[in-house]
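Q: Can we go through this one together? I'd like to start with the strands and then move on to the helices and domains.

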Amino acid sequence: MAQQRLAIWTAEEDLEEDVDLSIALDSYGQNVQYEDSHLQQPQIDESTLIAMQQHMAQQAAFQQIPDVVKSFIVHFHQSVLENNLAEITVAYESGWNKYTEKFYSKTEWPEAELIAPLVNDDPIFLILYRELYYRHVYSRLQPNIDDRFHSYENSCELFNYLLNSDGPVQLELPEQWLWDIIDEFIYQYQVFCTWRSKVTTKTQDELMMLAEGGPVWSSYSVLNVLYSLMQKSKVNEYIIAQREGKSPEEIAEIVGEYGQRPLYRMLGYFSIIGLLRVHVHLGDFTLGLKVMENVELNQKSPFTRVTACHVATYYYVGFCYIMLRRYPDAIRTFVTVLNFIMRMRQYHTRSYQYDQINKTADRMYALFAMCHALSPSRLDDNIANIAKERYGEQYAKMARGGPDALAAFEELFVYACPKFITANPPPYEDPSAIDAIIASAADAESAAQAAQQSEPTHRHLELFLADVAAQLPVPTLKSFLKLYTSLGAKKLANFLDADEEELVQEMMVLKQSSRSISRVTGSEGTSLLEGQTITTSDLNFVIDENMVHIAESTVGRRYAGWFIKNTERAQKILDDLKNLPLPIPPKTASTTNGAPAPEANTQQRPARTGGQKTRTVNRRRFLLFVPFSSGSPSLRLPQVLLHQLRTMASTSALTLDDLANSPPFTTPVDISTHLSYPVAEIPELATSENADGPSERQARPLSTERLYIGNLHPSVDEYTLLQIFSKFGKVTKLDFLFHKAGALKGKPRGYAFVEYANQDVSLSSPFLMRPYRYGWCMFVMCAYCLRWLVFSHFVLAHRSMNHIVVISHGYIDHDHTHEA
Amino acid sequence: MASEWLSPPTRSELIENLVSGVDRYNPSNVGILEDYLYHQIRSEEYDCLANLAILKLYQFNPDLYNPDVVINILIKALTASPLPDFNLCVSLLDDRTTASQLDEPDPLPTILPILKGLHSLLFRCRFPSFWEVYQSAELELLRDNYTVEVAGFEDAVRAVAIRAVRATFTRISSERLGSYLNLSGPALTAYVQKLGWSIDASTSVVSVPPNPDNQIEATVVQESVKLPQLTKVIAHSMTKV
């Protein structure tokens, strides 16, 4: 169907060209008639003059293009011709944005026709160029109606080329770009629909064009493109075959010549996500989830390779779940992706879509806060805390229920919901109907008009608020029930000043709201719409005639996962250390190293004898996060490691054999002995270092220029920080971040970035040896690759803090090349 | 539960293909789906996704729009409470600027608020009020023109009430149950017996059989560590350094 429609459209395009030509001919013809008696010469002159003028104007415009941009375009074109993915990616992700910032932040890029000579009129590259051109117009400038129509035409041209060429095209594009093509296509469709539905603001010309617009940006044409891409690439068949574990040959057989090419496969894949988005815009939440039937929502799915796509997918899926009243599923969806965004934060600060991702994340926190208020869960305290921090005021109102709650729900919903659109245009083809609409809008004044304009969003909001309103008394009821194990309905009704029958009915609502359909574990590989009824509340009750019986389930605190995770992490650090290429100790070091060796040292080195090859962990100190929660039953494993690390800290050098041979602990060590790490030892350590050989303590070059300083105590201010870090080199930039909104507005965020002028920054200053803030640790790491570089010394004396502990001063070697 | 909602056992293969395939967008299939809707109405079946497919076609093709079909779909969705079906259907009803192609005035704008009100009452478990409103004189239009055609509509509403009662009560007075079901006397007794619930003859209290939702138990969920969780840690200690 899409092909057909596209074909019709191309026919129209031809037609338009014909029209243009005939107009040109007509005017020429008229000239001929009019100037019949004259010589032919001047006519030719006139037309050539016009052509010349046009040509010169173009020439002038072409001259205007900066040379770097010209060479960028030429280079870009070359990369596309060669299908050189790496070069295309660079040009696309950094080059384009760089020159946009530099030359075109407020104006359009040069028209495609203008740069055509640079690329030998390569039609494919010009289509791709226009794709970027219009995207720039949409994102930075105000698109006019011509832009809107032409960007549609260009998208069709692109998809037509991809879908209707003879066989699959030999083009390769980075995945990021492919996603952006689909994403932008839907975005422009959504923007167009929103713009189109506002009848009253249109000029006469625009009304004319819209009346004749036909299929431009129609819902059917957009769906056709997406479905055609899916079908051409056989992406659903591909996903199923992969899940069934078919061999590559079998899969190749199944997906056919198109599906084998990554370009088509990824376009098909992204089209599924695109469909999800389109359906959500149109308010069809079931269908949105239904098209996602075959897509696995997990961190291994192909869509995770493009972060923007990953985030968008979860956002729309989560929103669908909200509208299906499946709040636990929505919460799980948001938590997964918000955790992901948090972990990836350091990486996508570099991405040109960083802002977009952050905005979506912020919306998801709002949606999460709404779900959390409707169906409290303890899935992830961390995310819940951030959501409460950002939307504390609204969250408090929503969780309390009562009359204030609705306003808070409305505020967050309007902020966080996707842009809803109306599938069909106002009747532009019927001028009288349009006039009637304009007239009625003029009568009803701007207030009614505004309401009409936000119509689709308003409709969905109303439905959602109706659901919420039904649940408003639930929190109050719950808080009463929590106080009792059994209670007469009459008494409860008296408490609440309500009618007994009303109350009993309200109790049924409470019961209803504590049940939800949710995907259960082990349902991987089934549709996102699947699920079973689960209990979402820990408060359970039942009514026996007029007596309410209440039972509360308590969930014991979970420790195991946490300790296992951290034990594994500690083991990994240990393994990494062992595998590091160790420096060869100085000649004398192997025998006389550490002349003032502490006694722990001598005690623990029986293994270093004979011809055994000595591997020395030479001054390679490292840190370990050992969280502790007082009273937790099983601190043994971390304790053992703690002790080993502490031993290392107190020796100037020790071998790995020491670690391996250290005696196992038979009695648990009182954690407090570790926590109050004696301050007095530190200067001592420092001197023993120095005595060891000052030559070894030379400045360690720090191979990055931007450092992340984290976990700052709230009392640390910019000035203090600058003082500290100026000791190691000239600080060129200090980004000290503050909360911009929420309850903590104006307070420091607790982290900062420092940049040095000189890359060889010495971090060996004894300053770092001194405990800086008691009970607080300051981290320093490379902001680009997330490697720990150095950490300040600190002492742990604070029991209320449930993370961070230990160990010594030092650093971990850092090398950017690992990160390629 | 959800899988039955996704594809009811009564759905034929033809409809399944329409609902799951691209053909759902083809306007010429609207007749098949509408016939299926009327089949649901006559034989007390319900298929939400197929009905949503009709609304989708109406959304994209305003000229197909048939208000009677829409109202019937909404009435069917009404009795799916507390599932969100009713809202999902309403979500797909785009604002209509003109109804010029219709011969008669569009009944939907008057009926939709009524249905929304009824839905709200059902969703908020206000069953006695529901019956009161439903049987009021203002709703005669709805009763005479629409719900009378929907086979078993009142029983479907009762089923909604029964779902709520079953989850919330262990015993309930027959008077209260009667007000929820709009039944009394022998009719109520017969209904309760059909459900397999028992009525105490002397006190006329109905006992609701135990089910997962009306049995409560205070539990403490303790963590239990499974061996597979520890495999990595244990395996690591086995590797020779």
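What follows is a short exchange about this predicted model.

Q: In what order do the six strands of the open sheet come?
A: The order is β1(A)-β5(A)-β4(A)-β1(B)-β3(B)-β2(B). The sheet has mixed pairing.

Q: Which strands stand at the edges?
A: β1 (486–488) of chain A and β2 (198–199) of chain B. Each has a single partner strand, so one side of each is left without a neighbour in the sheet.

Q: And where the chains meet, how many bridges join β4(A) to β1(B)?
A: Two, and these strands run parallel. Ile543(A) has Phe169(B) as its bridge partner in β1(B).

Q: What about β1 and β3 of chain B, parallel or antiparallel?
A: Antiparallel, with three bridges between β1 (residues 169–173) and β3 (residues 205–207) of chain B. Arg171(B) is bridged to Ser207(B) in β3(B), and Ile172(B) stands opposite Val206(B).

Q: Which helix lies across β1, β4 and β5 of chain A?
A: Helix α25 of chain A, residues 489–496. The angle between α25 and β1(A) is about 75°. The β4 in question spans 539–544 and β5 spans 547–552.

Q: Back to the two chains. How many residues of each are in contact?
A: 54 residues of chain B are in contact with 60 residues of chain A.

Q: Which elements of chain B give two or more residues to that side?
A: The helices are α1 (2–6), α4 (48–60), α6 (85–91), α7 (108–123), α10 (153–168) and α13 (227–238). The strands are β1 and β4 (220–221), also of chain B.

Q: And how do the residues on that side of chain B divide by class?
A: On the side touching chain A there are 29 nonpolar, 15 polar and 10 charged residues.

Q: Different topic: at what angle do α3 and α4 of chain A cross?
A: Roughly 160°, with the axes of α3 (residues 67–81) and α4 (residues 85–103) coming within 10 Å. That makes α3(A) roughly antiparallel to α4(A), because angles over 145 degrees count as such.

Q: Left-handed or right-handed crossing?
A: α3(A) passes α4(A) in a left-handed crossing.

Q: Which residues of the two helices meet there?
A: From α3(A), Val69(A), Phe72(A), His75(A), Phe76(A), Ser79(A) and Val80(A). They meet Glu87(A), Ile88(A), Ala91(A), Gly95(A), Tyr99(A) and Phe103(A) of α4(A). By class, the contact of α3(A) with α4(A) has eight nonpolar residues, three polar and one charged.

Q: Last thing, what domains is chain B divided into?
A: Domain 1 covers 2–168 and domain 2 covers 171–241. Their C-alpha centres lie 30 Å apart.

Q: How many residues of each domain of chain B are in contact?
A: 10 of domain 1 and 11 of domain 2. On the domain 1 side, α8 (127–134) and α10 of chain B are the elements giving two or more residues. The largest share is from α10(B), with seven residues.

Q: And what classes of residue does that domain 1 side have?
A: Seven nonpolar, one polar and two charged residues make up the side of domain 1 of chain B that touches domain 2.

Definitions and conventions: Residues numbered from 1 in each chain as written. Chains lettered and ligands numbered in written order. Predicted model: local features only at pLDDT ≥ 70, side-chain atom pairs only at ≥ 80, totals over all residues. Pairing = 2+ DSSP bridges. Helix = DSSP H or I, 4+ residues; strand = E, 2+ residues; numbered from the N terminus. Contact = placed C-beta atoms within 7 Å. Axes fitted to C-alpha atoms, helices over the stretch in contact; angles between N-to-C directions. Nonpolar A, V, L, I, M, F, W, Y, C, P; charged D, E, K, R; others polar. Parallel < 35°, antiparallel > 145°, perpendicular 65-115°, else oblique. Left-handed = near helix turned anticlockwise from the far one by under 90°. Domains from an automatic or database assignment.
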